[in-house]
Amino acid sequence: MIEIKGVSKSFEDVKALKEVTLRINKGSVYGLIGSNGAGKTTLLKILAGVYQGDEGKGYMAGQEVFENVEIKAKVIFIPDTLYFFSTYSVRDMANFYKNIYPTWNQERFEKLKTAFDIDINKKINRLSKGMQRQVAFWLALSAMPEYLILDEPLDGLDPVMRQKVKNLIIQDVAERNMTVLISSHNLRELEDLCDTIGILHRGALILEKELDDLKSDIHKVQVAFKQEVSGPILQDIPVLYEESRGSVRLFIIRGHKEEMIRQFKKHDPVILDILPLTLEEIFIYEMGGIGYAIENVIF
Ligand SMILES: Nc1ncnc2c1ncn2[C@@H]1O[C@H](COP(=O)(O)OP(=O)(O)OP(=O)(O)O)[C@@H](O)[C@H]1O
């Protein structure tokens, strides 16, 4: 389990994190989103033991992370800007990891050669940006970490490689209960991977929800009636958004699915479709409800 308890962190006059508390269960994949400068990288670095909070602490499996060698051997952090020793090849770097991570799995490293078709004798710094990111994942997944912390992880990877890496992460979560924390600006990307999403805004965690709860609690409905319905159609059901496109009306509704269908059917609809919402749409309506414009938060 990963825990952040009341963490605040300032850089000179900038309050990067303000009393952030969050908990990520073992085997969970947690997506952290937020606008530029929201504090995502700072939070990830505190968990990776790179920074220490001014107040509060980061814990993994109940142990404090900062300056804890035992815990650090179980964590891999892939930062947004990668760093490799300048003269090291993939093979050298693998040997380096082997010495640091007791869980290093040479067999897996060999197997993953087919997924990341890169010459292991090549100097990493001579590889392209995307290939370097592939190497970072190759090494990380061969080290079999208990905790994987990723900052904008898929940036620079081509679409095929993005899918491959996502599948490999999901496989490790399913097979050996790896816990993952991912920071990203891309909700569509996170939708495939995460079970929980948190939004960080100006250093504070303003929303945190399980994806399933989000998806089962909010519905998009397209409905059209033979005749104009006078007066309100829905009673005692919270409508988050409503618009008309010709004779078709669109509703975004929270909860009450069966009751909503019953009330619509009373008016004899010719169209009654319940459509899937993207995670992005869900957040637009959710955040609208608590007074933030999502555009300012995510993009
Ligand atoms: N080493 C540092 N020195 C001074 N200020 C810093 C440092 N690191 C971060 N900050 C400041 O802290 C705030 C949070 O930065 P952080 O990098 O955590 O945001 P972020 O959410 O990761 O942003 P982005 O999406 O742009 O990567 C910003 O105002 C940033 O300028």
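Helices (H or I, at least four residues) and strands (E, at least two) are DSSP runs, numbered from the N terminus. This is a predicted model: local features need pLDDT of at least 70, side-chain atom pairs count only at pLDDT 80 or more, and totals for chains, interfaces and linings use all residues. Residue numbers start from 1 along each chain as its sequence is written.

**View 1. Around the ligand, β2 and α1 each chip in.** Both β2 (14-24) and α1 (40-47) supply at least two residues of the shell. The top contributor is α1, with three residues. Going round the ligand, you meet F11, V14, A16, G34, N36, G37, A38, G39, K40, T41 and T42; "around" here says that the C-beta atom, placed from the backbone, lies within 6 Å of the ligand. Sorted by class, that's four nonpolar, six polar and one charged. For the sorting, Ala, Val, Leu, Ile, Met, Phe, Trp, Tyr, Cys and Pro count as nonpolar, Asp, Glu, Lys and Arg as charged, and the others, Gly among them, as polar.

**View 2. Strand β14 pairs with β11.** β11 (residues 218-225) and β14 (residues 269-275) run antiparallel to each other, joined over six bridges; two strands pair if DSSP finds at least two bridges between them. Look for K220, which sits opposite L275 of β14. How many of the seven residues of β14 are buried? Zero, so to speak of β14 as hardly covered is fair, given that a buried residue has 20 or more other C-beta atoms within 10 Å of its own, an exposed one 12 or fewer, and a partly exposed one a count in between, with C-beta atoms placed from the backbone.

**View 3. S247 sits in a loop.** The loop in question lies between β12 (239-245) and β13 (248-254). Why is S247 exposed? Because S247 has 12 C-beta neighbours inside 10 Å. Y88 is 159 residues from S247 in sequence, and the two C-alpha atoms are 65 Å apart.

**View 4. Stepping back to two domains.** Domain 1 covers 2-202 and domain 2 covers 213-298, with bounds from an automatic or database domain assignment. Their C-alpha centres lie 37 Å apart. The C-alpha atoms of the protein fill a box of roughly 75 × 45 × 30 Å along the principal axes. In total there are eleven helices and 14 strands, and buried residues make up 32% of the 299 residues.
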